[in-house]
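Trainee: Please take one part of this model and look at it closely. Then work outward to the rest of the chain.

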Amino acid sequence: MSGVTEHVDVAVPIRTAYDQWTQFEEFPHFMEGVQEVRQVTDTMTHWTVEIAGVKREFDAEITEQLPDERVAWHSTGGTRQAGVVTFHRLDEGNTRVTLQLEFEAHGVLEQAGDKLGLVDRRARGDLERFKQFIERRGQETGAWRGTVARPQP
């Protein structure tokens, strides 16, 4: 598994940043290659992505969700990936959003892209587009304030 960690500071309160991030169906507006995300249940999402001309679909389970703090997930089939996004209050009107992602590169093209840092650049670009999206709007498109407790070992 490969990994990437990126962050971006957004000029909105922590609640606004978190609430927007929980609107998974809005991800295609700022995530490159994401064609659709459907919220199937409170803890399941279905993704359709196209990267470098390769279209994939997979499900992801939200394994932990704490309002204004973090959202963690892992794929349940197809593309193997897992991640967490955390929200850190910098001050009343500014928030740091940090993304940690682990993934398994498939095939020669994806492995080469990983080694060349393309995944890191894409993650950074997605966070920058999230920043532009939420700062331009100034408010979230919706919110889900429920909690998904961390699984106990």
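Mentor: Take the loop between β4 and β5, where D68 lies. The model is predicted, so read every value here as computed from it. D68 has a phi near 65°. That is a positive value, and D68 is not a glycine. Keep this backbone detail in view as we go through the loop.

P67 sits in the same loop, between β4 (54–66) and β5. Is P67 buried, partly exposed or exposed? Its relative accessibility is 22%. The limit for buried is under 20%, and exposed needs over 50%. P67 therefore counts as partly exposed.

Now look at the partners of P67. Neighbours within four places in sequence are left aside. The contacts are then Y18, R145, G146 and T147. Y18 belongs to the buried residues of helix α1. For a distance check, take V40. P67 and V40 are 27 residues apart in sequence. Their C-alpha atoms are 20 Å apart in space.

Follow the chain out of the loop into β5. This strand covers residues 70–75, and S75 is in it. S75 has a relative accessible area of 12%. Buried means under 20%, so S75 is buried. Its contacts beyond four places in sequence are F58, D59, A60, R80 and Q81. F58, D59 and A60 fall within the span of β4, residues 54–66. Q81 falls within β6, residues 81–91.

D91 is also in β6. At 36% relative accessible area, D91 is partly exposed. D91 and V12 are 79 residues apart in sequence, yet 9.5 Å apart in space, C-alpha to C-alpha.

Go back to the helix that P67 touches through Y18. Helix α1 spans residues 14–21. How many of its residues are buried? The count is 7 of the 8, so the rest of the structure largely encloses this helix. The buried residues are I14, T16, A17, Y18, D19, Q20 and W21. D19 and Q20 are in that buried list, as are Y18 and W21.

W21 leads to the core. The largest nonpolar core has 33 residues. Those with the most contacts inside it are V10, W21, F27, W47, F87 and V97. Helix α3, residues 118–137, gives this core its largest share, 5 residues. F27 ties several of these names together. Outside four places in sequence, F27 is in contact with W21, V34, V37 and W47. V34 and V37 fall within the span of β2, residues 34–39.

M31 meets two of the same tryptophans. It is in the loop between α1 and β2. At 13% relative accessibility, M31 counts as buried. M31 touches W21, W47 and D126, with residues up to four places away not counted. D126 falls within the span of α3. M31 and L90 give another distance check. They are 59 residues apart in sequence and 24 Å apart in space, C-alpha to C-alpha.

W47 falls within the span of β3, residues 44–51. E50 lies in that strand too. E50 has a relative accessibility of 34% and counts as partly exposed. Beyond four places in sequence, E50 touches G33, Q35 and K55. Q35 falls within the span of β2, and K55 within that of β4. E50 and E36 are 14 residues apart in sequence and 9.8 Å apart in space, C-alpha to C-alpha.

Step back to the whole chain. There are 3 helices and 7 strands. Their order along the sequence is β-α-β-β-β-β-β-β-α-α. What is the radius of gyration of the protein chain? It is 15 Å, which agrees with the value near 15 Å for a compact globule of 153 residues. The C-alpha atoms fill a box of roughly 45 × 30 × 25 Å along the principal axes.

Burial and contacts come next. Buried residues make up 41% of the 153. Take the contacts with a separation of 6 or more. Residues 24 or more positions apart account for 52% of them.

Last, the surface and the charges. The chain exposes about 8200 Å², and carbon and sulfur atoms supply 48% of that. There are 18 positive and 26 negative charges. The mean positions of the two sets are 3 Å apart.

Technical notes
Residues are numbered from 1 along each chain as its sequence is written. This is a predicted model: local features need pLDDT of at least 70, side-chain atom pairs count only at pLDDT 80 or more; totals for chains, interfaces and linings use all residues. Side-chain values use heavy atoms; hydrogens and water are left out. Helices (H or I, at least four residues) and strands (E, at least two) are DSSP runs, numbered from the N terminus. Buried means under 20% relative accessible area, exposed over 50%, partly exposed in between (1.4 Å probe, protein chains only). Contact means heavy atoms within 4.5 Å. The radius of gyration is taken over C-alpha atoms; the globule rule is 2.2 Å times the number of residues to the power 0.38. Accessible areas come from the Shrake-Rupley method with a 1.4 Å probe; for residues, only the protein chains shown count as cover. Lys and Arg count as positive and Asp and Glu as negative; His and the chain ends are not counted. The place of a charge is taken as NZ of Lys, CZ of Arg, CG of Asp or CD of Glu. A nonpolar core is a set of buried Ala, Val, Leu, Ile, Met, Phe, Trp, Tyr and Cys residues joined through side-chain atoms within 4.5 Å.
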